[in-house]
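Trainee: I have a new structure to read today. Could we go through it together, one question at a time?

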Amino acid sequence: MGQFMNLCTTRSGLYPMRTTWTQELVWLLGNNFDYDTAKQKLLLQRFPFLEAVSIINQNDLIQENGTLFGDTISFVQEQQSPRFIKSHLPVQLLPKDIWVKKPKIIYVTREPKDAAVSYFHHHRLWNGYEGSFDDFMKAFLEDKVVYSPFWSHVNSYKKLAKHMPNVLVNSYEDMQLNLPEVIKKTAKFLEKPISDKQLKKLTNHLSFDSMKNNPAINGEEFIKDVIVKYDMPRDDPELTFIRKGIMGSWKKEMSPELVKKFDEWTEMNGIEDDDQENKVKV
């Protein structure tokens, strides 16, 4: 824990919180739209997952080309500046140096029902979860899954963004509804100029079909090994890293009773007064 909390950051370090989509967007903006490298080098190598070493069973660590799920903290420390770092950590657990060096942080929110459904399928894939959908949703609502509590996590970053110019909050819904505008907003935040031609190409590269079919992102080879390890059905369409990429998938998976519980939970804990008018309905 000491190694992690004392991790030295740099002003050019970058911490996107959540979503592979944002990682690919940010990496390309920060690397002069180097599509060749983006297609040839795994995203996990270009944009390491900081705390992976602390949440993945040490007996299951995979290390290839010096990265992936090996000692990710050391791997991050060895990266040359500018570094691009992924994390799901809450504000309270970020490395101390962040508050001194103030690297840019991009946090991505998502509608909580969609987030819960996505997490359920993610947990099945990467952790071999065999429990029921309802049991997982119950644990999610009770803040018993990893990275909980959910609303404390979200609202802490929203509060930071109001007072710290090095923190940007984007939403998954905005990316779905108007990706070019989110790209321009993010480019401005990163102080990276982008032409109309570059914007069009980047928007196409970040489309769902492009991301899903990009071996550097979709993790197909690792997923095959995970499915075998946990003896999961190989023909299950939900067991993919890039799954559906849509809003409102909860409508097909949640019962009316469960939807009501989530809505009441959100009303009680989640939407701050000044966020009400910006709430996306799906």
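What follows is a set of short questions and answers on this predicted model.

Trainee: How many helices and strands are in the protein?

Mentor: Start with the inventory. The model is predicted. The protein holds three strands, and its helices number 18.

Trainee: What share of the 282 residues is buried?

Mentor: Buried means under 20% relative accessible area. Count the residues of the protein that meet this cut-off, out of 282, and the share is 50%.

Trainee: What percentage of the contacts between residues at least 6 apart in sequence join residues at least 24 apart?

Mentor: Take the contacts between residues at least 6 apart in sequence. Then keep those that join residues at least 24 apart. Their share is 73%.

Trainee: Which span does α18 reach from its first C-alpha to its last?

Mentor: Helix α18 covers residues 256-269. It has 14 residues, and at 1.5 Å a residue the expected value is 20 Å. The model comes close to that, with a reach of 20 Å.

Trainee: Where do the buried residues of α18 fall, seen down its axis?

Mentor: First, the names. Leu258, Val259, Phe262, Trp265 and Thr266 are the buried residues of α18. Residues three or four places apart point the same way, because an α-helix has 3.6 residues a turn. In α18 the buried residues line one face of the helix, since they fall within an arc of 125°.

Trainee: Which residues of α18 are exposed on the other side?

Mentor: Turn the helix around. The exposed residues there are Pro256, Glu257, Lys260, Lys261, Glu267 and Met268.

Trainee: Which helices do the buried residues of α18 pack against?

Mentor: Look at what surrounds the buried residues of α18. They pack against α17 (250-253), α10 (150-163), α9 and α8 (112-127).

Trainee: How are α9 and α18 arranged, roughly parallel or roughly antiparallel?

Mentor: Two packed helices are described by the angle between their axes and the distance between the axes. For α9 and α18 the angle is about 10°, and the axes are 11 Å apart. Angles under 35 degrees count as roughly parallel. So α9 and α18 are roughly parallel.

Trainee: How do the residues of that contact of α9 with α18 divide into nonpolar, polar and charged?

Mentor: From α9 come Phe133, Asp134, Met137, Phe140 and Leu141. From α18 come Leu258, Lys261, Phe262 and Trp265. The division is seven nonpolar, no polar and two charged.

Trainee: What word describes how α8 and α18 lie to each other?

Mentor: Use the angle again. For α8 and α18 it is about 120°, with axes 10 Å apart. The roughly perpendicular range is 65 to 115, and roughly antiparallel is over 145. The angle of about 120° fits neither range, so the word is oblique.

Trainee: Which residues of α8 meet α18?

Mentor: On the α18 side are Val259, Phe262, Asp263, Trp265 and Thr266. The contact residues divide into five nonpolar, one polar and two charged. On the α8 side are Pro112, Lys113 and Ala116.

Trainee: Why is α2 described as largely enclosed by the rest of the structure?

Mentor: Check the burial along α2, residues 20-30. Trp21, Trp27 and Gly30 are among its buried residues. The helix is largely enclosed because the buried count is eleven of the eleven residues.

Trainee: Is tyrosine 35 buried or exposed?

Mentor: Tyrosine 35 sits in helix α3 (residues 35-40). It touches Leu28, Gln198, Lys201, Leu202 and His205, leaving out residues up to four places away in sequence. Its relative accessibility is 9%, so it counts as buried.

Trainee: What is the C-alpha distance between lysine 192 and glycine 30?

Mentor: Lysine 192 is in the loop between α12 (179-189) and α13 (196-205). It touches Gly30, and also Leu29 and Ala187, not counting residues up to four places away in sequence. Along the chain, lysine 192 and glycine 30 are 162 residues apart, but C-alpha to C-alpha the distance is 7.4 Å.

Trainee: What form does the peptide bond from serine 148 to proline 149 take?

Mentor: Proline 149 lies in the loop between α9 and α10. Omega of the bond from serine 148 is near 0°. The form is cis.

How values were computed. Residues numbered from 1 in each chain as written. Predicted model: local features only at pLDDT ≥ 70, side-chain atom pairs only at ≥ 80, totals over all residues. Heavy atoms only, no water. Axes fitted to C-alpha atoms, helices over the stretch in contact; angles between N-to-C directions. Helix = DSSP H or I, 4+ residues; strand = E, 2+ residues; numbered from the N terminus. Contact = heavy atoms within 4.5 Å. Nonpolar A, V, L, I, M, F, W, Y, C, P; charged D, E, K, R; others polar. Expected span 1.5 Å × (residues − 1). Buried < 20%, exposed > 50% of the residue type's maximum accessible area, 1.4 Å probe, protein only. Arc of directions from axis to C-beta.
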